[in-house]
Amino acid sequence: TAAASHASPRPPEPSPPSARVFPVGRLDRDSSGLVLLTDDGRVPEALLDPARKAPKLYEVDVEPRPSDADLARLCAGVVITTTQQRTGESTTAVTMPCEVVRIRDVGGGGGGGGT
């Protein structure tokens with residue numbers, strides 16, 4: 001009909017959502033927090049690939065309050081073991097030295113004042 005030929009064109013159908021979702025990071029069994037998800041696999045690769053050496057900042061609450069000696073050992077690097085979920089294979093490695101800053105003490109639990 002004449003009216004149909006002058007109708008506005010239909011907007012394109014939205015593209016289907018990505019079939020894959022990638023986590024950006026992970027949470028350990030005894031931790032809680034936020035894990036970002038993306039449908040762009042390049043994002044976790046860019047942030048998490050050890051070869052790229054992307055700087056990372058972690059803020060953690062720890063109980064009991066770590067001593068200055070505990071923090072010094074953490075700064076020097078610690079031995080960690082991770083287990084691959086798919087294969088069950090365990091890998092043990094020493095972390096790189098890092099900077100540790102005590103940002104606050106919560107609850108005043110023993111051991112003197114902190115910064």
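Is Arg102 buried or exposed? In this predicted model, Arg102 has a relative accessible area of 15% and is therefore classed as buried, the limit for that class being under 20%. The side chain of Arg102 takes part in a salt bridge with Asp68, in which the closest N and O atoms are 3.1 Å apart. This pair joins distant parts of the chain, since Asp68 belongs to helix H3 (residues 68-76) and Arg102 to the segment after strand S4 (90-94), with their positions 34 residues apart in numbering. Asp68 itself is exposed, because its relative accessible area is 59% and exposed residues are those over 50%.

A search of the whole structure finds 4 salt bridges, including the contact between Asp68 and Arg102. Another of these contacts is found between Arg73 and Asp70, whose side chains meet at 2.4 Å, N to O. Both Arg73 and Asp70 lie in helix H3, where they are 3 residues apart, or about one turn of the helix. Asp70 has a relative accessible area of 32% and is therefore partly exposed. A salt bridge also forms between the side chains of Arg52 and Asp49, with an N to O distance of 3.8 Å. This value falls within the 4 Å cut-off, so the contact qualifies as a salt bridge. Asp49 is partly exposed, at a relative accessible area of 22%.

Nonpolar side chains also appear at the surface. Val43, Leu47 and Leu48 make a nonpolar surface patch of about 210 Å². One of these residues, Leu47, lies in helix H2, which covers residues 42-48. The relative accessibility of Leu47 is 40%, so this residue counts as partly exposed; partly exposed residues are those between the limits for buried and exposed.

The loop between H2 and H3 contains two backbone features to be described in turn. Lys53, which is placed in this loop, has a positive phi of about 50° although it is not a glycine. Most residues other than glycine have a negative phi, and most peptide bonds are trans. Lys53 is also exposed, because its relative accessible area is 69%. The second feature concerns Pro64, likewise located in the loop between H2 and H3. The peptide bond leading from Glu63 to Pro64 is cis, with omega near -5°.

Beyond helix H3, the description turns to strands S3 and S4. Strand S3 comprises residues 79-83 and pairs with S4 in the antiparallel sense, over 5 bridges. Among the bridged residues, Val79 has Val94 of S4 as its partner, while Thr83 is partnered by Ser90 of S4. The two strands form a hairpin with 6 residues between them. Within the turn of this hairpin, Gly88 has a positive phi of about 80°. Positive phi values are thus described both for Gly88, in the hairpin turn, and for Lys53, which is not a glycine.

Terms used. Residues are numbered from 1 along each chain as its sequence is written. This is a predicted model: local features need pLDDT of at least 70, side-chain atom pairs count only at pLDDT 80 or more; totals for chains, interfaces and linings use all residues. Side-chain values use heavy atoms; hydrogens and water are left out. Patches are made of residues with over 30% relative accessible area and no salt bridge: like charges are joined within 9 Å, nonpolar side chains (Val, Leu, Ile, Met, Phe, Trp, Tyr) within 5 Å. Accessible areas come from the Shrake-Rupley method with a 1.4 Å probe; for residues, only the protein chains shown count as cover. Helices (H or I, at least four residues) and strands (E, at least two) are DSSP runs, numbered from the N terminus. Buried means under 20% relative accessible area, exposed over 50%, partly exposed in between (1.4 Å probe, protein chains only). Two strands pair if DSSP finds at least two bridges between them.
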